[in-house]
Amino acid sequence: MTEYVIGSNEAGQRLDKFLGKYMPLAPKSFFYKMLRKKNITLNGKRAAGSEKLTEGDAIRFFLSDETICKFSACSENISGPAGSGEPISADDPDILYEDQNTLFINKPAGVLSQKASADDLSLVEQLTSYLLRSGQITGKDLRTFHPAVCNRLDRNTSGIVAAGKSLAALQELSAIFRERSLHKYYLCLVSGRVDKSARITGYIVKDSRTNRVRFSQTDTPGSSKIETEYRPLCTGDHVTLLEVRLITGKTHQIRAHLASQGHPIIGDYKYGIRKINDRYRDAYGLRSQLLHAARLVIPQNCTGVLAGLSGKLICAPLPDLFRKICEEEHIRKDLLIWPRGVQEDSEDQPWRSS
(Lines give C-alpha, C1' and ligand atoms only; values in the text may rest on other atoms or scores of the structure.)
Protein backbone atom coordinates (compact mmCIF):
# COMPACT_ATOMS: atom_id res chain seq x y z
CA MET A 1 0.00 0.00 0.00
CA THR A 2 1.22 3.50 -0.91
CA GLU A 3 -0.21 6.63 0.69
CA TYR A 4 -0.01 10.14 -0.75
CA VAL A 5 -0.98 13.13 1.42
CA ILE A 6 -2.27 16.12 -0.53
CA GLY A 7 -0.24 19.30 -0.14
CA SER A 8 -1.03 22.90 -1.01
CA ASN A 9 0.04 22.48 -4.64
CA GLU A 10 -2.40 19.60 -5.23
CA ALA A 11 -5.37 21.01 -3.29
CA GLY A 12 -8.33 22.47 -5.15
CA GLN A 13 -8.39 20.00 -8.04
CA ARG A 14 -10.56 16.96 -8.69
CA LEU A 15 -9.32 13.59 -7.54
CA ASP A 16 -9.38 12.12 -11.05
CA LYS A 17 -7.31 15.04 -12.36
CA PHE A 18 -4.73 14.45 -9.64
CA LEU A 19 -4.60 10.73 -10.44
CA GLY A 20 -3.94 11.59 -14.08
CA LYS A 21 -0.88 13.59 -13.02
CA TYR A 22 0.31 11.00 -10.53
CA MET A 23 0.13 8.19 -13.06
CA PRO A 24 0.11 9.95 -16.45
CA LEU A 25 0.49 6.76 -18.51
CA ALA A 26 -2.62 5.10 -17.11
CA PRO A 27 -5.92 5.31 -19.04
CA LYS A 28 -8.81 7.04 -17.29
CA SER A 29 -10.75 3.79 -17.31
CA PHE A 30 -8.06 2.27 -15.07
CA PHE A 31 -8.59 4.92 -12.39
CA TYR A 32 -12.36 4.53 -12.32
CA LYS A 33 -12.06 0.74 -12.14
CA MET A 34 -9.60 0.98 -9.23
CA LEU A 35 -11.85 3.52 -7.47
CA ARG A 36 -14.86 1.22 -7.82
CA LYS A 37 -12.87 -1.72 -6.40
CA LYS A 38 -11.49 0.47 -3.57
CA ASN A 39 -7.96 -0.19 -4.78
CA ILE A 40 -7.66 3.60 -4.68
CA THR A 41 -9.36 5.32 -1.73
CA LEU A 42 -9.74 8.86 -0.45
CA ASN A 43 -9.42 9.27 3.32
CA GLY A 44 -10.07 5.57 3.77
CA LYS A 45 -13.37 5.60 1.84
CA ARG A 46 -14.60 4.71 -1.62
CA ALA A 47 -14.41 7.68 -4.00
CA ALA A 48 -15.94 8.47 -7.38
CA GLY A 49 -13.12 10.63 -8.75
CA SER A 50 -15.10 13.87 -8.89
CA GLU A 51 -14.27 14.88 -5.30
CA LYS A 52 -12.37 18.14 -4.86
CA LEU A 53 -9.16 17.59 -2.91
CA THR A 54 -8.17 19.63 0.13
CA GLU A 55 -4.80 19.91 1.84
CA GLY A 56 -4.22 16.96 4.16
CA ASP A 57 -6.42 14.50 2.25
CA ALA A 58 -4.90 11.00 2.16
CA ILE A 59 -5.06 8.95 -1.02
CA ARG A 60 -4.18 5.28 -0.63
CA PHE A 61 -3.09 3.09 -3.52
CA PHE A 62 -3.59 -0.63 -2.92
CA LEU A 63 -1.50 -1.35 -6.00
CA SER A 64 1.87 -2.99 -6.51
CA ASP A 65 4.96 -0.81 -6.79
CA GLU A 66 5.47 -2.22 -10.28
CA THR A 67 2.01 -1.07 -11.39
CA ILE A 68 2.48 2.44 -10.00
CA CYS A 69 5.94 2.70 -11.55
CA LYS A 70 4.72 1.44 -14.94
CA PHE A 71 2.02 4.08 -15.14
CA SER A 72 4.23 6.83 -13.69
CA ALA A 73 7.23 6.63 -16.06
CA CYS A 74 9.51 6.45 -13.02
CA SER A 75 12.70 6.23 -15.04
CA GLU A 76 11.99 9.50 -16.86
CA ASN A 77 11.91 11.68 -13.75
CA ILE A 78 13.77 15.00 -14.10
CA SER A 79 15.45 14.37 -10.76
CA GLY A 80 17.54 11.59 -12.27
CA PRO A 81 17.39 7.81 -12.58
CA ALA A 82 16.12 5.77 -9.68
CA GLY A 83 15.26 8.87 -7.69
CA SER A 84 18.88 9.96 -7.36
CA GLY A 85 17.88 13.54 -6.72
CA GLU A 86 20.43 14.79 -9.25
CA PRO A 87 18.74 17.23 -11.66
CA ILE A 88 19.47 17.41 -15.34
CA SER A 89 22.27 19.77 -16.30
CA ALA A 90 21.16 23.39 -16.56
CA ASP A 91 22.53 26.77 -15.59
CA ASP A 92 20.84 28.50 -12.68
CA PRO A 93 18.63 31.40 -13.75
CA ASP A 94 19.64 35.01 -13.01
CA ILE A 95 17.26 35.71 -10.11
CA LEU A 96 16.13 39.30 -9.55
CA TYR A 97 13.82 38.50 -6.64
CA GLU A 98 12.71 35.34 -4.85
CA ASP A 99 10.35 34.52 -2.00
CA GLN A 100 8.57 31.39 -0.84
CA ASN A 101 6.15 31.37 -3.75
CA THR A 102 7.55 33.51 -6.58
CA LEU A 103 10.65 34.10 -8.65
CA PHE A 104 11.41 36.97 -11.00
CA ILE A 105 14.16 36.05 -13.46
CA ASN A 106 16.32 38.19 -15.74
CA LYS A 107 16.22 36.18 -18.97
CA PRO A 108 19.16 36.69 -21.32
CA ALA A 109 18.62 36.99 -25.06
CA GLY A 110 18.94 33.65 -26.82
CA VAL A 111 17.12 31.61 -24.16
CA LEU A 112 13.59 30.26 -24.67
CA SER A 113 10.99 31.06 -22.00
CA GLN A 114 9.32 27.70 -22.60
CA LYS A 115 10.13 24.68 -24.75
CA ALA A 116 9.31 24.90 -28.43
CA SER A 117 10.26 21.25 -29.01
CA ALA A 118 10.99 18.22 -26.83
CA ASP A 119 14.77 18.65 -27.05
CA ASP A 120 14.84 22.33 -26.03
CA LEU A 121 16.34 23.53 -22.77
CA SER A 122 14.32 26.54 -21.68
CA LEU A 123 13.99 28.87 -18.72
CA VAL A 124 11.44 26.45 -17.23
CA GLU A 125 14.03 23.65 -17.15
CA GLN A 126 16.57 26.02 -15.59
CA LEU A 127 14.01 27.03 -12.98
CA THR A 128 13.10 23.43 -12.18
CA SER A 129 16.74 22.40 -11.97
CA TYR A 130 17.51 25.30 -9.61
CA LEU A 131 14.60 24.41 -7.31
CA LEU A 132 15.65 20.75 -7.25
CA ARG A 133 19.27 21.63 -6.57
CA SER A 134 18.35 24.04 -3.77
CA GLY A 135 16.04 21.47 -2.16
CA GLN A 136 12.88 23.55 -2.59
CA ILE A 137 11.15 20.77 -4.53
CA THR A 138 11.77 17.05 -4.95
CA GLY A 139 11.38 14.60 -7.77
CA LYS A 140 8.24 13.33 -6.03
CA ASP A 141 6.73 16.85 -6.11
CA LEU A 142 7.23 17.00 -9.87
CA ARG A 143 4.89 14.06 -10.38
CA THR A 144 1.90 16.26 -9.59
CA PHE A 145 3.10 19.88 -9.86
CA HIS A 146 5.59 21.71 -12.05
CA PRO A 147 6.86 25.25 -11.43
CA ALA A 148 6.27 27.43 -14.48
CA VAL A 149 6.67 30.90 -15.93
CA CYS A 150 3.67 33.22 -16.15
CA ASN A 151 4.79 35.38 -19.06
CA ARG A 152 6.86 34.65 -22.14
CA LEU A 153 9.45 36.73 -23.93
CA ASP A 154 10.68 36.05 -27.45
CA ARG A 155 13.86 33.99 -27.56
CA ASN A 156 15.97 37.04 -28.50
CA THR A 157 14.29 39.48 -26.10
CA SER A 158 15.90 39.89 -22.69
CA GLY A 159 14.43 40.90 -19.35
CA ILE A 160 11.95 40.04 -16.63
CA VAL A 161 10.06 36.75 -16.57
CA ALA A 162 7.78 35.98 -13.61
CA ALA A 163 7.57 32.42 -12.30
CA GLY A 164 5.48 30.61 -9.69
CA LYS A 165 6.99 28.07 -7.31
CA SER A 166 3.56 27.13 -5.95
CA LEU A 167 0.14 26.56 -7.44
CA ALA A 168 -1.29 29.60 -5.65
CA ALA A 169 1.48 31.84 -6.98
CA LEU A 170 1.00 30.56 -10.53
CA GLN A 171 -2.73 31.22 -10.36
CA GLU A 172 -2.42 34.71 -8.87
CA LEU A 173 0.46 35.84 -11.09
CA SER A 174 -1.29 34.52 -14.20
CA ALA A 175 -4.45 36.39 -13.19
CA ILE A 176 -2.75 39.80 -12.96
CA PHE A 177 -1.03 39.25 -16.31
CA ARG A 178 -4.32 38.18 -17.88
CA GLU A 179 -6.27 41.09 -16.39
CA ARG A 180 -3.54 43.55 -17.46
CA SER A 181 -3.46 45.07 -13.99
CA LEU A 182 0.29 44.49 -14.00
CA HIS A 183 2.14 47.13 -16.02
CA LYS A 184 5.00 46.07 -18.29
CA TYR A 185 7.72 48.46 -19.47
CA TYR A 186 10.42 47.75 -22.05
CA LEU A 187 13.52 49.57 -23.26
CA CYS A 188 14.48 49.35 -26.92
CA LEU A 189 16.87 51.02 -29.33
CA VAL A 190 15.15 51.84 -32.61
CA SER A 191 16.32 53.11 -35.96
CA GLY A 192 15.75 56.79 -36.71
CA ARG A 193 14.73 59.80 -34.68
CA VAL A 194 11.58 59.69 -32.56
CA ASP A 195 10.70 63.11 -31.15
CA LYS A 196 7.27 62.64 -29.56
CA SER A 197 5.51 60.23 -27.25
CA ALA A 198 2.61 58.32 -28.74
CA ARG A 199 -0.08 55.76 -28.00
CA ILE A 200 -0.60 53.73 -31.15
CA THR A 201 -3.16 51.09 -32.07
CA GLY A 202 -3.64 48.64 -34.90
CA TYR A 203 -4.24 44.99 -35.73
CA ILE A 204 -1.99 41.99 -36.29
CA VAL A 205 -2.55 38.57 -37.80
CA LYS A 206 -0.16 35.75 -36.90
CA ASP A 207 1.16 33.39 -39.54
CA SER A 208 2.05 30.22 -37.60
CA ARG A 209 3.88 28.77 -40.60
CA THR A 210 6.47 31.58 -40.71
CA ASN A 211 6.18 32.65 -37.05
CA ARG A 212 5.60 36.23 -38.17
CA VAL A 213 2.78 38.69 -37.66
CA ARG A 214 1.34 41.00 -40.26
CA PHE A 215 0.36 44.52 -39.16
CA SER A 216 -2.71 46.37 -40.40
CA GLN A 217 -4.58 49.54 -39.49
CA THR A 218 -7.91 47.81 -40.09
CA ASP A 219 -9.63 44.87 -38.44
CA THR A 220 -9.57 41.78 -40.66
CA PRO A 221 -10.69 38.17 -40.10
CA GLY A 222 -8.39 36.47 -37.59
CA SER A 223 -6.72 39.70 -36.50
CA SER A 224 -6.09 40.87 -32.92
CA LYS A 225 -6.17 44.48 -31.79
CA ILE A 226 -2.93 45.77 -30.32
CA GLU A 227 -2.13 48.91 -28.36
CA THR A 228 1.35 50.19 -27.57
CA GLU A 229 2.55 53.31 -25.77
CA TYR A 230 6.06 54.73 -26.05
CA ARG A 231 8.17 57.70 -25.09
CA PRO A 232 11.57 58.70 -26.48
CA LEU A 233 14.16 58.98 -23.71
CA CYS A 234 17.13 60.09 -25.80
CA THR A 235 18.15 60.41 -29.45
CA GLY A 236 21.65 59.42 -30.47
CA ASP A 237 23.44 58.84 -33.77
CA HIS A 238 20.56 57.83 -36.05
CA VAL A 239 18.86 55.90 -33.23
CA THR A 240 16.43 56.57 -30.38
CA LEU A 241 16.17 54.93 -26.98
CA LEU A 242 12.49 54.31 -26.28
CA GLU A 243 10.64 53.26 -23.16
CA VAL A 244 7.61 51.24 -24.24
CA ARG A 245 4.56 50.33 -22.22
CA LEU A 246 2.81 47.24 -23.47
CA ILE A 247 -0.95 47.79 -23.19
CA THR A 248 -1.96 44.55 -24.90
CA GLY A 249 0.40 41.60 -25.07
CA LYS A 250 0.40 39.84 -28.42
CA THR A 251 3.09 37.89 -30.23
CA HIS A 252 5.87 40.17 -31.55
CA GLN A 253 3.68 43.19 -30.76
CA ILE A 254 6.38 45.75 -29.95
CA ARG A 255 8.67 44.60 -32.76
CA ALA A 256 6.01 44.63 -35.48
CA HIS A 257 4.25 47.75 -34.21
CA LEU A 258 7.38 49.91 -34.08
CA ALA A 259 8.52 48.61 -37.48
CA SER A 260 5.16 49.67 -38.93
CA GLN A 261 5.89 53.19 -37.69
CA GLY A 262 9.18 53.27 -39.59
CA HIS A 263 11.30 52.70 -36.47
CA PRO A 264 12.30 49.01 -36.35
CA ILE A 265 14.29 47.76 -33.38
CA ILE A 266 18.02 47.51 -33.95
CA GLY A 267 19.09 43.89 -34.41
CA ASP A 268 15.62 42.64 -35.37
CA TYR A 269 16.10 40.69 -38.60
CA LYS A 270 12.49 39.52 -38.70
CA TYR A 271 10.89 42.98 -38.87
CA GLY A 272 13.85 45.32 -39.25
CA ILE A 273 16.21 46.51 -41.97
CA ARG A 274 18.94 44.02 -42.86
CA LYS A 275 21.51 46.61 -43.96
CA ILE A 276 21.27 48.43 -40.63
CA ASN A 277 21.28 45.22 -38.59
CA ASP A 278 24.33 43.91 -40.49
CA ARG A 279 26.24 47.05 -39.52
CA TYR A 280 25.55 46.48 -35.82
CA ARG A 281 26.33 42.78 -36.12
CA ASP A 282 29.69 43.50 -37.75
CA ALA A 283 30.59 46.33 -35.36
CA TYR A 284 29.45 44.78 -32.06
CA GLY A 285 28.68 41.12 -32.68
CA LEU A 286 24.98 41.85 -32.09
CA ARG A 287 22.82 38.81 -32.81
CA SER A 288 19.53 39.70 -31.10
CA GLN A 289 17.13 42.62 -31.11
CA LEU A 290 17.82 45.38 -28.58
CA LEU A 291 14.56 44.89 -26.70
CA HIS A 292 14.61 44.45 -22.93
CA ALA A 293 11.74 43.91 -20.47
CA ALA A 294 13.07 46.40 -17.91
CA ARG A 295 10.42 46.61 -15.21
CA LEU A 296 7.11 45.28 -13.95
CA VAL A 297 4.78 47.27 -11.72
CA ILE A 298 2.78 44.99 -9.43
CA PRO A 299 -0.82 46.11 -8.71
CA GLN A 300 -1.55 47.83 -5.39
CA ASN A 301 -4.38 45.53 -4.35
CA CYS A 302 -2.66 42.13 -4.40
CA THR A 303 -3.74 39.62 -1.77
CA GLY A 304 -2.80 36.06 -0.88
CA VAL A 305 0.75 34.98 -1.70
CA LEU A 306 1.38 38.22 -3.66
CA ALA A 307 0.34 40.55 -0.83
CA GLY A 308 3.96 41.35 0.07
CA LEU A 309 4.64 42.49 -3.49
CA SER A 310 1.68 44.88 -3.71
CA GLY A 311 2.67 48.09 -5.49
CA LYS A 312 6.31 47.09 -5.83
CA LEU A 313 8.48 47.48 -8.92
CA ILE A 314 10.59 44.62 -10.26
CA CYS A 315 13.56 45.97 -12.24
CA ALA A 316 16.15 44.36 -14.51
CA PRO A 317 19.30 46.26 -15.55
CA LEU A 318 20.22 46.49 -19.22
CA PRO A 319 22.42 43.72 -20.65
CA ASP A 320 26.05 44.74 -21.08
CA LEU A 321 26.02 44.70 -24.89
CA PHE A 322 22.78 46.73 -25.03
CA ARG A 323 24.31 49.35 -22.75
CA LYS A 324 27.62 49.41 -24.67
CA ILE A 325 25.90 49.97 -28.02
CA CYS A 326 23.79 52.78 -26.55
CA GLU A 327 26.91 54.46 -25.17
CA GLU A 328 28.67 54.19 -28.53
CA GLU A 329 25.61 55.73 -30.20
CA HIS A 330 25.78 58.66 -27.75
CA ILE A 331 22.74 57.81 -25.65
CA ARG A 332 22.97 59.57 -22.28
CA LYS A 333 24.67 57.26 -19.79
CA ASP A 334 22.38 58.22 -16.88
CA LEU A 335 19.44 56.74 -18.81
CA LEU A 336 21.23 53.39 -19.06
CA ILE A 337 21.67 52.83 -15.34
CA TRP A 338 18.67 50.88 -14.07
CA PRO A 339 18.24 49.30 -10.63
CA ARG A 340 18.03 45.58 -10.01
CA GLY A 341 15.40 43.61 -8.07
CA VAL A 342 12.47 44.89 -6.04
CA GLN A 343 12.06 48.64 -5.53
CA GLU A 344 9.96 49.98 -2.68
CA ASP A 345 8.55 52.98 -4.57
CA SER A 346 4.86 52.09 -4.87
CA GLU A 347 3.97 54.81 -7.38
CA ASP A 348 3.46 53.60 -10.92
CA GLN A 349 5.29 56.31 -12.83
CA PRO A 350 4.32 55.83 -16.48
CA TRP A 351 7.64 57.15 -17.72
CA ARG A 352 11.05 57.56 -16.22
CA SER A 353 12.01 61.21 -15.92
CA SER A 354 14.43 62.33 -18.63
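**Strands, salt bridges and a covered strand**

The secondary structure of this chain amounts to eight helices and 15 strands, and the model from which these elements are read is a predicted one. Along its principal axes, the C-alpha trace extends over about 75 × 45 × 40 Å. Of the 354 residues in the chain, 49% are buried, and the accessible surface comes to about 17,200 Å², with carbon and sulfur atoms accounting for 46% of that area. When contacts between residues at least 6 apart in sequence are considered, 64% of them join residues that are at least 24 apart.

The charges offer a next step into the structure. The chain carries 50 positive and 41 negative charges, and the mean positions of the two sets lie 6 Å apart. Salt bridges number 17, and three individual pairs can be followed in turn.

In the pair formed by Asp-92 and Arg-133, the closest N and O atoms are 2.4 Å apart. Asp-92 belongs to the loop between α3 (65-72) and β4 (95-98), while Arg-133 belongs to helix α4 (residues 123-133), so this salt bridge ties together parts that are 41 residues apart in sequence. Asp-92 is partly exposed, having a relative accessible area of 43%, and Arg-133 likewise counts as partly exposed, at 42%.

A second salt bridge joins Lys-165 to Glu-98, with 2.9 Å between the closest N and O atoms. Here Lys-165 sits in the loop between β7 (158-164) and α5 (167-178) and Glu-98 in strand β4, so the parts tied together are 67 residues apart in sequence. Lys-165 has a relative accessibility of 8% and therefore counts as buried, whereas Glu-98, at 29%, counts as partly exposed.

The third pair is Arg-323 with Asp-320, whose closest N and O atoms are 3.0 Å apart. Both residues lie in helix α8 (residues 320-328), and because they are three residues apart there, about one helical turn separates them. Arg-323 is partly exposed, with a relative accessible area of 28%, while Asp-320 counts as exposed at 57%.

Salt bridges also link Arg-199, Glu-227, Glu-229 and Arg-245 in a network, and the last of these residues leads to strand β12. This strand, made up of residues 239-246, is mostly covered, since eight of its eight residues are buried, each with under 20% relative accessible area. How are the buried residues of β12 divided between its faces? On one side are Val-239, Leu-241, Glu-243 and Arg-245, and on the other are Thr-240, Leu-242, Val-244 and Leu-246, so that both faces are covered.

Which strands pair with β12? Strand β8 (residues 183-191) runs antiparallel to β12 and is joined to it by eight bridges, with Leu-189 standing opposite Leu-241 in β12. Strand β11 (residues 224-235) also pairs with β12 in the antiparallel sense, over seven bridges. In β12, Arg-245 stands opposite Glu-229, and Arg-245 and Glu-229 are both members of the salt-bridge network described above. Finally, β11 and β12 form a hairpin with three residues between them, and in its turn His-238 has a positive phi of about 70°.

Conventions. Residues numbered from 1 in each chain as written. Predicted model: local features only at pLDDT ≥ 70, side-chain atom pairs only at ≥ 80, totals over all residues. Heavy atoms only, no water. Helix = DSSP H or I, 4+ residues; strand = E, 2+ residues; numbered from the N terminus. Buried < 20%, exposed > 50% of the residue type's maximum accessible area, 1.4 Å probe, protein only. Contact = heavy atoms within 4.5 Å. Areas by Shrake-Rupley, 256 points an atom, 1.4 Å probe, with all protein chains shown as cover. Lys, Arg positive; Asp, Glu negative; His and termini not counted. Charge placed at Lys NZ, Arg CZ, Asp CG, Glu CD. Salt bridge = Lys/Arg side-chain N within 4 Å of Asp/Glu carboxyl O. Pairing = 2+ DSSP bridges.
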